Structure formats: C-alpha cells, structure tokens
Amino acid sequence: MNYISTRSGCGPDSPPIGFLDAVLAGLAPDGGLYVPQTWPAFTPEEIAAFGGKPYHQVAAAVLGRFAGDEIPADVLGDMCREAYDSFSHAATAPLKQLYPDTYLLELFHGPTLAFKDVAMQLLGRLYDYALKRQGRKITILAATSGDTGGAAVEAFRGRSNVNIVVLFPDGRISEVQRRFMTTATEANVRCVAVQGTFDDCQGILKAAFQDDQFRTAVDLSAVNSINFARIAAQCVYYFTAAVALGAPATSPAFVVPTGNFGDAFAGYVAHAMGLPISRILTATNSNDIVARAFTEGRYSRGVVAPTQSPAMDIQVASNFERLYFECARRDGLETGRAFQAFASTGGLDIPPAALAAMRDLFAGASVSETDTSAAMVSTLNETGELIDPHTAVAVAAARRLGSPSPYAPQIVLSTAHPAKFTEAVHAATGVIPPSPRGAGELAARPERFDRLPADGEAVKAYVRDFAIG
Ligand SMILES: *Cc1c(COP(=O)(O)O)cnc(C)c1O
C-alpha cells in the first residue's frame with residue numbers, strides 16, 4: 001500500500017511512499033497530508049466477523065490493510081496486543097447505553113485517560129519497529145491542545161531511538177493534562193510551555209517541518225493527528241462499536257467531539273472501507289471552524305476562545321484537508337491551491353460539489369459553554385454517568401440534532417475520563433470525579449518543563465540544542 005500527499009502535483013514533488021515511511025514522515029514535503037493511494041475495503045461478511053473478537057485482533061486486521069506487506073502479520077498482531085494491554089478495561093473501548101437509542105463509546109481507558117492513547121500506544125510501537133529496522137534516531141516535535149502531549153510522552157518515554165519535544169499553550173490546559181507530560185523523568189522527553197495558543201503551537205510545528213535544513217538536521221517527525229497511523233488506529237473503534245450494535249445490518253450514527261478533525265476523519269475512513277454509517281455529527285465547542293464548514297460551506301479561521309473543553313480549542317482543523325481532498329475528487333492540485341490560499345487568507349469556500357459530498361456523511365453543530373455544563377448535569381441526573389466536558393459537547397449536539405433515522409443507534413464518542421477535567425466537572429455538577437488508578441499520584445510528583453515565546457526560531461533553536469547539542 002502506497003501513500004500520496006493531499007497536495008500531489010502542487011509545489012515540490014512528494015512521490016508516493018510506503019506505510020512506515022509515511023508514518024515516520026508525518027507531513028509530506030509539499031505541506032500536504034498523506035492518505036492511502038486507494039482505500040482498502042472489507043466485505044460485509046468480514047465486517048460481521050469482527051463481532052465478539054478481542055479489540056486488538058480487530059485492530060490488527062484493520063492496520064494490516066494499511067501496512068500491506070511492510071509488517072509481518074504476527075509482528076503487527078503482537079504490537080496491537082501489547083498496545084491495548086496497557087488499557088484498564090478488558091473490552092478496550094466499551095460501549096455504555098445512556099438512552100434507548102444513545103450509547104457512549106468509552107475511549108478513555110488508556111494510560112493517560114484520553115482517547116489519544118488508542119492511537120499513540122500503537123504509534124510508539126510502530127516507530128520502534130520502523131526505526132530499529134532503519135537504524136535511525138529521530139526527533140518528534142508535537143504540539144498539544146492538552147491530551148496528545150501526555151499520550152505521546154507516555155508512548156515514547158524511554159525509547160532509545162527517539163527524542164521527543166512537546167509544545168503546549170501555557171496556562172490553557174488542565175493541571176492533570178500538564179502533569180501527565182511534565183512529570184516524566186526520562187531524559188529523552190522535553191516539555192515546553194509556549195506563550196500563546198494551541199494554534200500558535202501548531203503553526204510553529206508546521207513551519208519547522210517546512211524548514212528543510214532544520215527537518216533534516218534533527219530528523220524531524222510528527223505524531224500529531226496529521227500522522228496517518230493515528231487515523232488508521234482510530235478507525236478501529238468505529239468498526240468494533242458499530243458491529244457490537246448490529247452493523248453491517250444496522251447503520252449507526254456517530255457523534256464526535258471535534259477539534260483537529262482527526263477522530264471524525266477516522267470515521268470517514270471506516271466508512272470508505274465498507275462500514276455502514278448513517279451520519280457523523282461533528283460536535284464543536286464555540287471554536288466551531290469544522291461545524292461552520294458543514295453548515296455554511298466556508299472553512300474559515302476564527303479567534304480561539306478558551307473553553308472548558310480545551311482539547312477542542314482549535315480554529316485550524318488540520319485533518320479537514322484530507323476530507324477536502326477526498327470530496328474534491330482527490331485532486332491534489334486543487335487541494336494544494338485551496339489550502340495554500342487558506343494559509344495566507346484564513347478562509348476558503350468549499351466548492352458546491354465537494355460540499356454536497358461532505359454533507360452526504362457529515363453534519364456539524366457548535367455547543368455553548370452553558371449547554372456543555374447542562375449536558376453534564378442532565379446526563380448525571382438521568383443516567384448516573386459523570387461525563388467530561390468534551391463528551392458533554394457531543395451529548396449536547398446529539399440531543400439538538402436527534403437521531404438521523406429511528407432505526408439508527410447514535411454512538412457518542414467519549415474522549416476523556418471525567419477525572420482529567422476535575423475542575424470543569426465539579427463546577428458543573430458539584431461532584432468531584434473519582435480518580436482512577438495512577439492519576440492521583442501525579443499530583444505528588446515534581447514537574448519539569450521550560451518556557452518559550454510563541455516564536456518559531458526560538459523553538460527550533462531549543463529543539464536543535466536538545467537533539468544534536
Ligand atoms: C483531541 C481530543 C478531541 C478532539 O479530537 P480531534 O481528533 O482533534 O478532532 C476531543 N476530545 C478530547 C478529550 C481530546 O483529547
């Protein structure tokens with residue numbers, strides 16, 4: 001299976017590359033994102049046969065289609081088993097019924113209590129495998145709106161062929177999120193509090209990747225959700241959840257708390273691979289670039305407003321470029337031009353045919369802070385479940401739009417454990433979420449991080465100094 005850039009044919013040549021190379025590269029040299037040359041597919045019988053299988057086996061089957069012959073099946077099987085052994089729930093991603101037609105898909109049973117672990121635990125092992133084979137040592141630069149950083153540190157700390165630097169927006173993430181990163185003691189980990197927003201952090205990261213000299217000098221790699229392996233790992237739970245509720249005979253709807261659009265795009269991928277899905281509702285907080293794209297047909301950056309669901313405080317949703325490419329007949333020239341223009345003007349109009357193709361599967365809704373708090377309260381009162389603010393955004397959006405068909409169960413992705421956002425959950429419900437194993441000890445451990453201005457040159461100098469001295 002080869003991977004092509006969403007900007008193929010636009011700017012510097014980015015030839016097709018294999019799976020492991022695409023994983024290690026992150027962003028393509030032309031600034032585009034990698035996608036498979038063609039979508040692998042499962043038959044309805046193959047999908048039905050996922051029913052009742054352990055999660056790691058479904059993961060190995062799905063990942064195997066993306067890796068092709070680059071990773072032997074037994075090696076990939078072991079990676080998936082080990083990755084999901086780190087989860088505290090035997091089902092890895094269990095479903096919980098909330099209402100007659102509404103289910104929560106709990107994605108937060110990994111080591112850092114957020115759904116980012118689902119992909120990152122696998123990514124750490126994929127990197128290890130690829131780097132050992134190539135005899136390479138690389139530098140991972142990650143920008144986090146809160147949860148990616150901890151999950152990445154947890155997946156890569158102590159790995160001998162990786163140095164990792166995580167950029168986070170100073171003061172804009174929760175204390176538990178920060179501590180998951182800053183309490184790591186391994187020498188290959190550095191955390192940087194950037195004096196700016198997540199979009200500043202992501203902008204610095206993108207610019208660093210486009211600096212050829214810097215990228216080569218430190219052998220730079222990205223584990224943000226632009227990394228295709230994360231998307232591949234995340235589409236697995238769309239399969240397991242849908243099949244548990246009767247797919248492929250039923251066609252469930254998914255509701256996805258959305259920031260960078262990686263998780264929602266993984267749903268598109270599962271659908272492209274043959275999984276029946278009746279709708280993917282992207283739920284945003286007031287940082288609503290994705291919701292507006294679907295409702296108004298214009299993808300345009302707004303000003304980032306801090307909310308109680310900080311992992312979604314994003315006004316540039318990098319993975320949206322992948323959906324645009326798919327819905328623009330996979331035209332790399334058009335996609336490249338559109339997103340280069342977006343980078344300079346901050347907006348782009350989605351052509352009518354592409355917008356119609358998007359709306360075939362996607363809808364969007366933006367949820368206020370008041371409605372987010374209200375969803376935490378009503379869910380607790382009506383079901384006894386304490387949900388985190390990101391999940392609450394999705395629950396509120398699901399209520400507002402209702403089920404797309406009376407026969408389609410709605411599956412709400414629950415992306416973080418409530419204990420990761422104690423302050424917000426407590427403020428809304430008056431209840432302090434009980435701390436699951438591990439999380440409580442974090443408060444006692446010393447933190448280690450540096451502060452830098454939101455300046456690309458300063459960050460590059462810091463990374464260069466750490467990686468190559
Ligand atoms: C990252 C994150 C999201 C948003 O996921 P995207 O793939 O960026 O859209 C939602 N909720 C939580 C808790 C997250 O950590």
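A polar contact is a pair of N or O atoms within 3.5 Å; within protein, one atom must be able to donate a hydrogen and the other to accept it, and residues adjacent in sequence count only if both atoms are side-chain atoms. The structure is a predicted model, in which local features need pLDDT of at least 70 and side-chain atom pairs count only at pLDDT 80 or more, while totals for chains, interfaces and linings use all residues. Residues are numbered from 1 along each chain as its sequence is written, and side-chain values use heavy atoms, with hydrogens and water left out.

The ligand is a suitable starting point. A polar backbone atom of Gly259 lies 2.8 Å from an oxygen atom of the ligand. Taken alone, the ligand exposes 380 Å², of which the protein buries 98%; these accessible areas come from the Shrake-Rupley method with a 1.4 Å probe. Side chains also approach the ligand: an N or O atom in the side chain of Lys116 is 2.6 Å from a ligand oxygen atom, and a polar side-chain atom of Asp147 is 2.5 Å from an oxygen atom of the ligand.

Around the ligand there are 15 residues, of which Lys116, Asp147, Gly259, Asn260 and Thr415 come nearest; a residue is counted as near if one of its heavy atoms lies within 4 Å of the molecule. This shell divides into 6 nonpolar, 6 polar and 3 charged residues. In that division Ala, Val, Leu, Ile, Met, Phe, Trp, Tyr, Cys and Pro count as nonpolar, Asp, Glu, Lys and Arg as charged, and the others, Gly among them, as polar.

Several loops deserve attention next. Helices (H or I, at least four residues) and strands (E, at least two) are DSSP runs, numbered from the N terminus. Leu113 lies in the loop between strand S5 (102–106) and helix H5 (116–134), and has a positive phi of about 65 degrees although it is not a glycine. Pro248 belongs to the loop between helix H10 (228–244) and strand S10 (253–257); a cis peptide bond, with omega about 5 degrees, joins Ala247 to Pro248.

Glu186 is placed in the loop between helix H7 (175–182) and strand S8 (189–195). Its side chain is joined to that of Arg157 by a polar contact of 2.8 Å.
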